[in-house]
Amino acid sequence: MKSKSSVASMVLLSAALLGMSSAAFSADNKPGFLSRMFDGEKAPGVAPVKNPQYLEECGSCHFPYQPGLLPARSWKKVMSGLEDHFGENAELPPEDVKNITDYMLKNAADHADYKRSKRIMSSLRADDAPLRISETPYFIEKHNELSRAMVQDNPKVRSVSRCGACHTMAETGSFSESEIQIPGFGAWED
Ligand code: HEC
Ligand code: HEC
């Protein structure tokens, strides 16, 4: 039987090898620890929302967009303009704004070790700070095959901003193709 320490060093060694081989084939410029270990497997989507206050305050009118879908500079803009939020008043007490902003900035796409966050970031120029996920080049490219009939004229969708209408696992941070069900049209086949 192997000693505990030799098993531990085997585990460490294979983890290091795994990390090296996937980093060598990774398209990302700066692969982080998580994405090197689980490249495209354990962390393929975006981080799920774990903050109850965020879910309550930012999930009451629409899908609670995960912070990993936009860079910190975008969230700063969203959070400093809540009194005129896409034509609605979404103002919150200053204390709540502070707590939610802290949470969002910590989990924004520029700090996230998730595949979709990285793709969104690399589609933006360094100074781009879009207010909408649906205006990022990555999003536009991924959704360019959708028709009016599937979105605007679809009474169960209406807006491409309603992520959860088509992405059945969106709340968990997963947007995989195999989980897409467009109301009235069914599963998505490319
Ligand atoms: C009073 C209702 C309301 C509340 C509360 C609210 N929003 Fe919104 N939000 C809207 C509306 C309306 C839109 C535009 C939706 C559309 O175009 O279909 C929107 C759109 C957005 C978008 C852009 C979605 C896209 O198209 O990519 C983001 C990001 C967003 N909200 C973030 C937040 C955050 C963060 C909070 C919490 C601080 C919040 N919202 C709270 C009403 C609200
Ligand atoms: C009308 C249905 C619909 C809505 C609403 C929608 N999507 Fe999508 N989404 C799709 C389809 C269809 C694809 C393309 C799948 C493919 O061919 O790769 C897609 C692709 C994606 C992908 C890439 C997935 C992959 O594996 O390549 C992401 C990420 C994504 N959507 C996020 C979002 C987010 C975030 C929202 C809301 C702001 C949203 N989607 C709203 C239908 C929708």
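This briefing describes two iron-containing ligand sites, one helix and two loop residues in a predicted model. The iron atom of ligand 1 is coordinated by H62 and H85, while the protein donors of the iron atom of ligand 2 are H143 and H167. The arrangement is octahedral around the iron atom of ligand 1, and the site of the iron atom of ligand 2 is octahedral as well.

**Iron of ligand 1**

- The iron atom of ligand 1 takes its protein coordination from the NE2 atoms of H62 and H85, at 2.0 Å.
- Because the 6 donor atoms around this iron atom subtend angles of 87 to 179 degrees, the arrangement is octahedral; for six octahedral donors the ideal angles are 90 or 180 degrees.
- H62 lies in the loop between helix 3 (52-58) and helix 4 (72-79), whereas H85 lies in the loop between helix 4 and helix 5 (94-107), so the two histidines tie together parts of the sequence that are 23 residues apart.
- H62 counts as partly exposed, at 32% relative accessibility, whereas H85, with a relative accessible area of 17%, is buried, the cut-off for buried being under 20%.

**Surroundings of ligand 1**

- Ligand 1 is surrounded by 22 residues, of which C58, C61, H62, H85 and S134 are the closest.
- By class, this shell is made up of 12 nonpolar, 7 polar and 3 charged residues.
- Besides its role as a donor to the iron atom, H62 has a polar side-chain atom that lies 2.8 Å from a nitrogen atom of ligand 1.
- Two serines have polar side-chain atoms paired with oxygen atoms of ligand 1, with a distance of 2.9 Å for S159 and 2.7 Å for S161.
- Helix 3 and helix 4 are the elements that give two or more residues to the shell around ligand 1, and the largest share, 3 residues, comes from helix 3.

**Iron of ligand 2**

- The NE2 atoms of H143 and H167 are the protein donors of the iron atom of ligand 2, and they lie 1.9 to 2.0 Å from it.
- The site of this iron atom has 6 donor atoms with angles of 88 to 179 degrees among them, and it is octahedral.
- The pair links distant parts of the chain, with H143 in the loop between helix 7 and helix 8, H167 in the loop between helix 8 and strand 1 (181-182), and their positions 24 residues apart in the numbering.
- H143 is partly exposed, with a relative accessible area of 23%, whereas H167 counts as buried at 13% relative accessibility.

**Surroundings of ligand 2**

- Around ligand 2 there are 20 residues, and the closest are K142, H143, C163, C166 and H167.
- This shell divides into 12 nonpolar, 3 polar and 5 charged residues.
- A polar side-chain atom of K142 lies 2.9 Å from an oxygen atom of ligand 2, while polar side-chain atoms of H143 and of H167 each lie 2.8 Å from a nitrogen atom of the ligand.
- Helix 7 (137-142) and helix 8 (163-166) each supply at least two residues of the shell around ligand 2, and helix 7 gives the most, with 3 residues.

**Buried face of helix 6**

- In helix 6, which spans residues 115-123, the buried residues are S117, K118, I120 and M121.
- Seen down the axis of helix 6, these buried residues fall within an arc of 160 degrees, and they therefore line one face of the helix.
- In general, an α-helix has 3.6 residues a turn, so residues three or four places apart point the same way.

**Positive phi values in loops**

- F86 is a residue other than glycine with a positive phi, near 50 degrees, and its place is in the loop between helix 4 and helix 5, the loop in which H85 also lies.
- With a relative accessible area of 42%, F86 is partly exposed.
- R158, likewise a residue other than glycine, has a positive phi near 75 degrees and lies in the loop between helix 7 and helix 8, where H143 is also placed.
- R158 counts as partly exposed, at 49% relative accessibility.

Conventions
Residues are numbered from 1 along each chain as its sequence is written. Chains are lettered from A and ligands numbered from 1 in the order in which they are written. This is a predicted model: local features need pLDDT of at least 70, side-chain atom pairs count only at pLDDT 80 or more; totals for chains, interfaces and linings use all residues. Side-chain values use heavy atoms; hydrogens and water are left out. A residue is near a molecule or strand if one of its heavy atoms lies within 4 Å of it. A polar contact is a pair of N or O atoms within 3.5 Å; within protein, one must be able to donate a hydrogen and the other to accept it, and residues adjacent in sequence count only if both atoms are side-chain atoms. Helices (H or I, at least four residues) and strands (E, at least two) are DSSP runs, numbered from the N terminus. Ala, Val, Leu, Ile, Met, Phe, Trp, Tyr, Cys and Pro count as nonpolar, Asp, Glu, Lys and Arg as charged, and the others, Gly among them, as polar. Donors are N, O and S atoms within 2.8 Å of the metal (3.2 Å for Na, K and Ca); water is not among the atoms, so sites may look incomplete. Four donors count as tetrahedral if all angles lie between 85 and 135 degrees; four count as square planar and six as octahedral if opposite donors are over 155 degrees apart and all others between 65 and 115; anything else is irregular. Buried means under 20% relative accessible area, exposed over 50%, partly exposed in between (1.4 Å probe, protein chains only). The arc is that of the directions from the helix axis to the C-beta atoms.
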